[in-house]
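Below are short exercises, each followed by a worked solution. Look at the sequence and the structure before you start.

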Amino acid sequence: MDEDETLRVTSSVTLFAGWTETSVPGMLNGDDHYAYIQGYSDGSVRPNANITRAQVATIFFRLLDENVRDDNLTTSNAFPDVNEDYWPTRPSPPSARLGVINGRNSGLFDPDANITRAEFAAICARFDDSGVAGVTTFTDTADTGRRTRSAAPRRWLDPGYSDDSFRPDQYISRAQAVTMINRVLCRLPEDTDDLLSGMNTWTDCHESDWFYLAIQEATNSHDFVTKDRVYESWTDLNRAPDWSRYE
């Protein structure tokens, strides 16, 4: 059946589907499940706060395959508003060199600006090396062109909203960002039983929150085993990497 074809079922029918296995994009590290965002000194993780372009650059810098990161490590850049003494922007040059995070039309990087859902989806799409066409069925992405339709397979996008909209021009929150990143990396605990006691927890992230599993996955370094070919179950907690050497 074509994807736009409708099947009316009037009797018992057996349908078969063919699936293509997905994997982590080659430029990213899908083997080591270490924490890639941090909480704050007050014990919060601020899941509903907006995320800036510099913070996004930092996250993807941490998630790069080690060889890719080392090969593209540089402090030189073409952005006049990226100060080499300002640590959050230091990961920006490698990301820009890889063509993953681009500057704005003004030629500036604009590190402190919040990033929209469409911009974030486009960054994820630039890592996609699957060759699978990015097709979405959101109700409000027709005018955004490739910004969202190329945003990769829909499996990477967060669920959107109850009205099946994506809201591409809305700023993305930290919780929405890590949800999308975890899907890109195939880092998906299925329920709380897949986590471990003793993990980092946060005053503003509770089991009843829709983003709880995604935030816990993003803020705890751990070993894991695959579960049902899709999900994972943690087996041990690890120390978070020391990223200060890049500051």
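The exercises go from one helix to one of its residues, then to a core and a hairpin.

The model is predicted: local features need pLDDT of at least 70, side-chain atom pairs count only at pLDDT 80 or more, and totals for chains, interfaces and linings use all residues. Residues are numbered from 1 along each chain as its sequence is written, and side-chain values use heavy atoms, with hydrogens and water left out.

**Exercise 1.** State how many residues of H6 are buried, and what covers them.

Solution. Helices (H or I, at least four residues) and strands (E, at least two) are DSSP runs, numbered from the N terminus. Buried means under 20% relative accessible area, with a 1.4 Å probe and protein chains only. By this count 10 of the 11 residues of H6 are buried, so the helix is largely enclosed by the rest of the structure. Among them are Arg 174, Gln 176, Thr 179 and Asn 182. The cover includes H1, H4 and H7. After H6 comes Cys 186, with a positive phi near 55°.

**Exercise 2.** Describe the surroundings of Arg 174, which lies in H6.

Solution. Begin with charge: Arg 174 is buried but has no salt bridge (a side-chain nitrogen of Lys or Arg within 4 Å of a carboxyl oxygen of Asp or Glu). Asp 204, the nearest side chain of opposite charge, is 7.6 Å away; Lys and Arg count as positive and Asp and Glu as negative, while His and the chain ends are not counted. Next, a polar atom of the Arg 174 side chain lies 3.2 Å from the backbone oxygen of Arg 46. Last, residues that Arg 174 touches (heavy atoms within 4.5 Å), not counting those up to four places away in sequence, include Ile 37, Tyr 40, Pro 47 and Ile 51.

**Exercise 3.** Which element gives the largest share of the largest nonpolar core?

Solution. A nonpolar core is a set of buried Ala, Val, Leu, Ile, Met, Phe, Trp, Tyr and Cys residues joined through side-chain atoms within 4.5 Å. The largest one has 43 residues, and Phe 60, Phe 120 and Ile 181 are among those touching the most other members. H1, H4, H6 and H7 each give two or more residues. The largest share, 6 residues, is from H6. Contacts of Phe 60 include Phe 120 and Ile 181.

**Exercise 4.** In which sense do S1 and S2 pair?

Solution. Two strands pair if DSSP finds at least two bridges between them. S1 (residues 221–227) and S2 (residues 231–238) have 7 bridges, in the antiparallel sense. Leu 237 is the bridge partner of His 222. In the hairpin, 3 residues lie between the strands, and Asp 228 has a positive phi near 55°.

Conventions. Buried means under 20% relative accessible area, exposed over 50%, partly exposed in between (1.4 Å probe, protein chains only). A polar contact is a pair of N or O atoms within 3.5 Å; within protein, one must be able to donate a hydrogen and the other to accept it, and residues adjacent in sequence count only if both atoms are side-chain atoms.
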